[in-house]
Amino acid sequence: MSSAQSATDEGSGELKVALPDRVGVLGGGRMGSGIAHAFLLGGCQVVVVERDEEESAAARGRVEAAVLASEKRGLLSGTSQDALGRLTSVADRDALAGCGLVVEAVPEVLELKTQALADVEQRLDPGAVAPATRPLPD
Ligand SMILES: NC(=O)c1ccc[n+]([C@@H]2O[C@H](COP(=O)([O-])OP(=O)(O)OC[C@H]3O[C@@H](n4cnc5c(N)ncnc54)[C@H](O)[C@@H]3O)[C@@H](O)[C@H]2O)c1
């Protein structure tokens, strides 16, 4: 059993979900950094892919801040160093190879999302899934 899976199995009376070992997040903004943070807390390896190096560094900063805040609140099963050691933030979409799940979280622009999902699909392993984010309903 993977470390990510065993992390979800520790709860009692809750729905048990087998998390993928490696999760990709395309776009590390408000939503993407939150998604990355959640999967790090779940014990997954997480790769955030941004549009360029500057944005990938900014995305890493957002996820780091969220993980450190979770550590302060006692929400980590290990240390923030452990969790952040499972985080990669890059500008190269090829880093999505090997992910069992890739969440698209780029801005709400049709061409951007269409291209992003097409690019992700080309890199997905068989059996992997790639859900897209969408706006909250009015
Ligand atoms: N923010 C919310 O509360 C919220 C809630 C529900 C759904 N959503 C949806 O989530 C999605 C993302 O929203 P957000 O608020 O995180 O936006 P955001 O602007 O905060 O983040 C988007 C990120 O995508 C990156 N990006 C842009 N082009 C890219 C590319 N080609 N490749 C990789 N990364 C790229 C940007 O650099 C940015 O960091 C949207 O579809 C939005 O409708 C957002």
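1. Let's start with the shell around the ligand. Helix 2 (30-41), helix 3 (53-72) and helix 5 (110-123) each give at least two residues to it, and helix 2 supplies the largest share, three residues. Helices here are DSSP runs of H or I with at least four residues, strands are runs of E with at least two, and both are numbered from the N terminus. This is a predicted model: local features need pLDDT of at least 70, side-chain atom pairs count only at pLDDT 80 or more, and totals for chains, interfaces and linings use all residues. Residues are numbered from 1 along each chain as its sequence is written.

2. Which residues are the closest to the ligand? They are Gly27, Gly29, Arg30, Met31 and Thr133, from a shell of 22 residues. A residue is near a molecule if its C-beta atom, placed from the backbone, lies within 6 Å of it. The shell holds eleven nonpolar, five polar and six charged residues. Ala, Val, Leu, Ile, Met, Phe, Trp, Tyr, Cys and Pro count as nonpolar, Asp, Glu, Lys and Arg as charged, and the others, Gly among them, as polar.

3. Now look at the sheet. Its four strands form an open sheet in the order 3-2-1-4, with parallel pairing (two strands pair if DSSP finds at least two bridges between them). Strand 3 and strand 4 are at the edges with a single partner strand each, so one side of each has no neighbour in the sheet.

4. Two of the pairings are worth tracing on screen. Strand 2 and strand 3 run parallel and are joined by four bridges, and Val46 stands opposite Leu87 in strand 3. Four bridges also join strand 1 to strand 4, again parallel, with Val25 opposite Val103 in strand 4.

5. Strand 3 (residues 87-90) has two faces: Leu87 and Ser89 lie on the covered one, Thr88 and Val90 on the uncovered one. A general rule helps here: in a regular strand the side chains alternate between the two faces of the sheet.

6. Helix 2 lies across strand 1, strand 2, strand 3 and strand 4, and runs at about 170 degrees to strand 2. Such angles run from 0 to 180 degrees between N-to-C directions, with axes fitted to C-alpha atoms, for helices over the stretch in contact. One residue to find is Ala36, which touches Val25, Gly28, Val46, Val48, Val63 and Leu87, leaving aside residues up to four places away in sequence (contact: C-beta atoms, placed from the backbone, within 7 Å).

Terms used
Contact = placed C-beta atoms within 7 Å. Buried ≥ 20, exposed ≤ 12 C-beta atoms within 10 Å, placed from the backbone.
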